Amino acid sequence: VMHASLGMLFVKYSRVWPLVNGIFPILAKADWETFWPIIYMQLVNIRLKNTQKESIRTNQIKVRNEDNGKEDTTQATKSLDHENDNEHLHNIINNHTDFVKYEELLFEALQTISNYVERKCTFIFPMFEEFLQNEYDELNTRGKESTKKLILYLKLFATFSKKTTTTKHQPTMLKMYNIYIRFLSNTNEEISLFALRCLFTYGQDSLTSYKGELERIVGEKTFREQMSSFTLSRSNEKIKETARPLLTSVIIRLSYGKLMTRKGKSGKDTISSRRATVLTFLSGLDINELKQLYELLLQPFKGVLKNNNNISTVHRTKQMGFVRMMEDVIEQLGTKVVSHLSDMSTIIVRILQPLITLDVPEENLEEENEIKESNRTLSHELRALRSQSFKRLSEIFLNYPNFKHNNDFLSRLRKM
């Protein structure tokens, strides 16, 4: 019956698939310790098929009784008993099934037995980390499929219960917590939403008490209204003082995702108006609470600031994004920018320096061959970057006339 239920997911007839969601809870309740190895083998087979790597092997399966913490030696025998059946099933999948769709359907079915799956988090979480390392975080291969797969994992983890996640597997759960925090600032609405819901499973009152407000900040259709009606200043008595550290940290990450989103839902939703809405909302925070926002904005330039890396190590699109962002940051946050103004000014000057030295008089362009021309002349994009950088510098001097810039900034400015 267990194999047959999985076989129903292979049938390319959508009316059959919901039936499996009703069967899974029955099978899990009847004999979970037999059902789990079968499910895990399928998850392993999917990973092997999709990545074409041998990093996950079937002999990694060590089934433990999660309730008493003792090795279940009978389970190893059960796993071997199912080996031939699983191999035959795997061959069927190879020849007749779309693995991407099968994986999606399997994860949807697992959500119906999440209270059982959660007991095996020591198996499922390492598989997730391996996916992040070998697929999602590989920028050259990241695409719609890896994004969709990430959402499948997060949807499943978001159904885990508060009780289990806060009392068992503490090192693993702490690692997962930090991963969820990372994805809060993702520009994909589904990823940030389900990462947020994963955090809710930890049962922290600082977040669960504001579940509605936080989810509406994520929503593309609701974030403007929510940000307009929910002030972050200390005058808002709804925000408990004890909740502010964690709550504001999560809000900043969610808001950062909105800042970095380039597409709008309508002609009125321009990048400039979106940034104005988000930064006005964040301006209610104290200066020390805004520190995390500045750290996120400066993150691409961390090596430039701390290790004196060449500015060319940061892609031109990120340089332009930063320079344009600073216009709105300065306008909306005003004096609250001063604490990080030195780093921001230094980055802008570092961006400007190579743009000035690369410039070549127009009358000499025809004399250069194509390679030299591409290396020595400024394209339209680079000219725009140079122009915007000069504007940001002038705005900094005009808005903060009494600010004392560091010697490195002044030295670089004199050399330009």
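# Exercises on a helical chain

Let us warm up with one cysteine: Cys121 has a relative accessible area of 2%, so this residue is buried. Keep in mind throughout that the model is predicted.

## Exercise 1: Cysteines

Task: Find how many disulfides the whole structure holds, and decide whether Cys198 is buried or exposed.

Solution. Start with the bond itself. A disulfide covalently joins the sulfur atoms of two cysteines. A search of the whole structure for such pairs returns 0 disulfides. Now turn to Cys198: its relative accessible area is 0%. The cut-off for buried is under 20%, so Cys198 is buried.

## Exercise 2: The chain as a whole

Task: Work out how many helices and strands the chain has, and what share of its residues count as buried.

Solution. Begin with secondary structure: the chain has 23 helices and 0 strands. Next comes burial. The chain has 416 residues, and 48% of them count as buried. For the surface, about 21500 Å² is exposed, with carbon and sulfur atoms supplying 50% of that area. Finally, look at contacts along the sequence: among those between residues at least 6 apart, 73% join residues at least 24 apart.

## Exercise 3: The surroundings of Tyr180

Task: Place Tyr180 in its helix, then list which residues it touches, leaving out those up to four places away in sequence.

Solution. First, the location: Tyr180 belongs to helix α10, which covers residues 170-183. Second, exposure: with 1% relative accessibility, Tyr180 is buried. Third, the neighbours. Leaving out residues up to four places away in sequence, Tyr180 is in contact with Phe125, Leu154, Phe157, Ala195, Cys198, Leu199 and Tyr202. One of these partners, Cys198, is the buried cysteine from the opening exercise. As a last step, compare sequence and space: Tyr180 and Arg197 are 17 residues apart along the chain, and 9.1 Å separates their C-alpha atoms.

## Exercise 4: A salt bridge between two helices

Task: Find which residue forms a salt bridge with Lys148, and explain why the pair ties together separate parts of the chain.

Solution. The general idea comes first. Side chains of opposite charge can pair when their charged atoms come close. Here the partner of Lys148 is Glu104, and the closest N and O atoms are 3.1 Å apart. Lys148 sits in helix α8 (residues 144-157) and Glu104 in helix α5 (residues 99-111), so the salt bridge ties together parts 44 residues apart in sequence. Now check exposure on each side: Lys148 is partly exposed at 41% relative accessibility, whereas Glu104 is buried at 13%. Beyond residues up to four places away in sequence, Glu104 touches Lys148 and Leu152.

## Exercise 5: Two more salt bridges

Task: Say which parts of the chain are linked by the pair Asp286 and Arg234, and which by the pair Arg392 and Glu327.

Solution. Take Asp286 and Arg234 first: they form a salt bridge whose closest N and O atoms are 2.5 Å apart. Asp286 is in the loop between α16 (271-282) and α17 (291-298), and Arg234 is in the loop between α14 (223-229) and α15 (244-260), with their positions 52 residues apart in the numbering. Both partners count as partly exposed, Asp286 at 24% relative accessibility and Arg234 at 42%.

Then take Arg392 and Glu327: their closest N and O atoms are 3.6 Å apart in another salt bridge. Arg392 lies in helix α22 (residues 380-399) and Glu327 in helix α19 (residues 316-333), 65 residues apart. Arg392 is buried at 1% relative accessibility, while Glu327 is partly exposed at 34%.

To finish, look for shared partners: salt bridges connect Arg234, Glu241, Arg244, Asp286 and Glu289 into one network. The full count is 18 salt bridges.

## Exercise 6: A polar contact and a surface patch

Task: Find which side chain makes a polar contact with that of Glu135, and which residues form a nonpolar patch with Met416.

Solution. Glu135 is in helix α7 (residues 121-136) and is buried, with a relative accessible area of 14%. The side chain of Glu135 is joined to that of Lys149 by a polar contact of 3.2 Å.

Met416 is in the segment after α23 (407-415). With a relative accessible area of 31%, Met416 is partly exposed. Together with Ile356 and Phe390, Met416 forms a nonpolar surface patch with about 220 Å² of accessible area in total.

Key. Residues are numbered from 1 along each chain as its sequence is written. This is a predicted model: local features need pLDDT of at least 70, side-chain atom pairs count only at pLDDT 80 or more; totals for chains, interfaces and linings use all residues. Side-chain values use heavy atoms; hydrogens and water are left out. Buried means under 20% relative accessible area, exposed over 50%, partly exposed in between (1.4 Å probe, protein chains only). A polar contact is a pair of N or O atoms within 3.5 Å; within protein, one must be able to donate a hydrogen and the other to accept it, and residues adjacent in sequence count only if both atoms are side-chain atoms. Patches are made of residues with over 30% relative accessible area and no salt bridge: like charges are joined within 9 Å, nonpolar side chains (Val, Leu, Ile, Met, Phe, Trp, Tyr) within 5 Å. Accessible areas come from the Shrake-Rupley method with a 1.4 Å probe; for residues, only the protein chains shown count as cover. A salt bridge is a side-chain nitrogen of Lys or Arg within 4 Å of a carboxyl oxygen of Asp or Glu. Contact means heavy atoms within 4.5 Å. A disulfide is a pair of cysteine sulfur atoms within 2.5 Å.
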